[in-house]
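Dear colleague,

I am passing on the structure we spoke about, together with some notes on what turned up when I went through it. Please look at the sequence and the model first, and then read on.

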Amino acid sequence: MSAPKPALSAVANPVVTASAGAKALSGALTVPGDKSISHRALIMGALAVGETTVSGLLLGEDVLRTGACMQALGAEIKPDGELYRVWGRGIGGLTEPADVLDMGNSGTGARLIAGLLAAYPFTSIMTGDASLRRRPMERVITPLSKIGARFASRAGGRLPMAITGAPIAMPLDYASPVASAQVKSAVLLAGLHAPGATTVTEPAATRDHTERMYRHFGVDVESTRLANGANKVRIVGQPELTGRKIVVPADPSSAAFVVVAALIVPGSKVTIRNVGLNPLRTGLFDTLREMGADIVYANQREEAGEPVADLQVTASKLKGVLVPAQRAPSMIDEYPILSVAAAFADGETRMEGLAELRVKESDRLALMANGLSACGVNARAEGDTLIVRGGAAPKGHATIAVHLDHRIGMSFLVLGMASEKPIAIDDASAIATSFPGFVSLMNGLGAKIADVAASEMPAVA
Ligand code: S3P
């Protein structure tokens, strides 16, 4: 399958961001706060009565959109030094927004907040950037319609869409066809407003930050693993929530880029502090260790209901492995950067069961297979499988169109750090959705990433 054509902006913009061979990376650093937990912290704070304080909040654009949205729905959110303070409205207390809710690039923000709005008897209109407007919303429209909400969307369940919430939210028992934490969380947020029990069964367990945060706020939550591997979550709605203190750990999905960079740039040794190690998020680190990566979890502890540790990473010789489909939910955002690690691993890495990658911020399966090939890596997509045959450092010498996808952008900048020749991306602005400061942080460790004239690099692949 071929990648979509480069965005017009890429053609018009004479500057690209290029990553050239890095020196051995060294140092200790902290990466920004967890994106998933940050969204949920602001949403739960807005639903609680009184003050919630959030430390370590990710100030990425996705989370800022969610914050702006909660303010538009009546919550108060203010920075106070390192902290964010949220004064919520209580369950059922949100009010009609005066304008369109623009979720930017954020699928998580759009789907979670759709769940919330489904339980309020007013109409809101939601939109997003070109990437988000391509992504499917039926996966939340279907269950949320069953609780009594009405939706009018573009064809194929695409944004913009209007949401008219249920006059009285109905409790639901929903079996989701897709293993998606966003779908699960949308139903659980609607269910928080419904009388009685709401249950969601997902075909495989996905990240459980919503459940953990519900427990942290005192919501009655039960999770049960079924014999077929499915995960059933049951909550009791209409609790009285009061403000809490939330500590957001560093995002393992952001740490992933530093970890892989340190593994593939010879001589590197890096410590990443305070990384969230929720077992439903650690599939990449488990896989890299199977590939021979030297990653040590130091100072393991728990903070606000989430396990955390400091990651000590040393450059390692890697070997190719089979990554089974069952592991996908625990590393769904990490396949782009895993495929970069695979380019340096001896032999074949086969990543199976990746259908969901086609509906992320971009079609990540196609963009990684095509982009890696453009950089001289032996990579191909076969159906839902990504296959990379690695070994010696790839040639590089390519410019990759990132299609508004932060993780595609960061993955190719990391690849450039250990390729023979530089690799550029056409647009680094999307990186700020999840990892503000990525370029300066990487350069501080030893990377050589800089904006250069597009004419200095090959045309967009
Ligand atoms: C997220 C869930 C995942 C992930 C996304 C964040 C969340 O999406 O890709 O970056 O915070 O719930 P799906 O649940 O749709 O797989």
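**What was found in the model**

Pro 79 has Tyr 84 in β5 as its bridge partner, and that pairing is a convenient place to begin. Strand β4, residues 76-80, is joined to β5 by five bridges, and the two strands run antiparallel. Together β4 and β5 make a hairpin with two residues between them, and in the turn Gly 81 has a positive phi of about 65 degrees. β5, which covers residues 83-89, is also joined to β3, residues 49-55, by seven bridges, again in the antiparallel sense. Within the pairing of these two strands, Thr 52 is opposite Val 86 in β5.

Before going further, please bear in mind that this is a predicted model. The mean pLDDT of the chain is 96, and 97% of its residues reach 70 or more. The stretch I would ask you to treat with caution is residues 1-6, where pLDDT stays under 50 and for which the model has 12 contacts beyond four places in sequence. Where pLDDT is low, predicted coordinates should not be read in detail.

**Two open sheets**

One open sheet is built from four strands in the order β23-β24-β1-β25, and its pairing is mixed. Its edges are β23 (398-400) and β25 (448-453), each of which has a single partner strand, so that one side of each is left without a neighbour in the sheet. From one strand to the next, the twist in this sheet averages 30 degrees. Inside the sheet, β1 (residues 15-20) pairs with β24 (residues 423-425) over three bridges in the antiparallel sense, and Thr 17 has Ile 425 in β24 as its bridge partner.

Another open sheet, also of four strands, has the order β6-β7-β9-β8 with mixed pairing. Here the edges are taken by β6 (101-102) and β8 (150-154), and because each has a single partner strand, one side of each is left without a neighbour in the sheet. β7, residues 123-127, and β9, residues 158-164, run antiparallel and are joined by four bridges, with Thr 123 standing opposite Thr 164 in β9. Strand β9 also holds Pro 160, and the peptide bond that joins Leu 159 to Pro 160 is cis, with omega at about 0 degrees.

**Helices that meet**

Helix α4 connects this sheet with the next part of the picture, since α4 lies across β6, β7 and β9 and runs at about 175 degrees to β7. Which helix does the axis of α4 come within 7 Å of? The partner is α6: the axes of α4 (residues 107-117) and α6 (residues 181-191) come within 7 Å and cross at roughly 25 degrees. As angles under 35 degrees count as roughly parallel, α4 and α6 are therefore roughly parallel to each other, and their crossing is right-handed. On the α4 side the contact involves Gly 107, Thr 108, Arg 111, Leu 112, Gly 115 and Leu 116, which meet Gln 182, Ser 185, Ala 186, Leu 189 and Ala 190 in α6. The residues of this contact of α4 with α6 divide into five nonpolar, five polar and one charged.

Further along the chain, helix α11 (residues 364-374) and helix α12 (residues 406-417) have axes that come within 11 Å and cross at roughly 20 degrees. They are therefore roughly parallel to each other, and the crossing of α11 and α12 is right-handed. From α11, Arg 364, Leu 367, Met 368, Gly 371 and Leu 372 meet His 406, Arg 407, Ile 408, Ser 411, Phe 412 and Leu 415 in α12. The residues of the contact of α11 with α12 divide into six nonpolar, three polar and two charged.

**Backbone details**

Most residues other than glycine have a negative phi, and most peptide bonds are trans. Against that background, two asparagines deserve a look. Asn 274, found in strand β15 (residues 269-276), has a positive phi near 65 degrees. Asn 299, found in strand β16 (residues 294-303), likewise has a positive phi, near 55 degrees.

With best wishes

How values were computed: Residues are numbered from 1 along each chain as its sequence is written. This is a predicted model: local features need pLDDT of at least 70, side-chain atom pairs count only at pLDDT 80 or more; totals for chains, interfaces and linings use all residues. Side-chain values use heavy atoms; hydrogens and water are left out. pLDDT is the predictor's confidence in each residue, from 0 to 100. Contact means heavy atoms within 4.5 Å. Axes are lines fitted to C-alpha atoms, for helices over the stretch in contact, and angles run from 0 to 180 degrees between N-to-C directions. Angles under 35 degrees count as roughly parallel, over 145 as roughly antiparallel, 65 to 115 as roughly perpendicular and the rest as oblique. A crossing is left-handed if the near helix is turned anticlockwise from the far one by less than a right angle, and right-handed if clockwise. Ala, Val, Leu, Ile, Met, Phe, Trp, Tyr, Cys and Pro count as nonpolar, Asp, Glu, Lys and Arg as charged, and the others, Gly among them, as polar. Two strands pair if DSSP finds at least two bridges between them.
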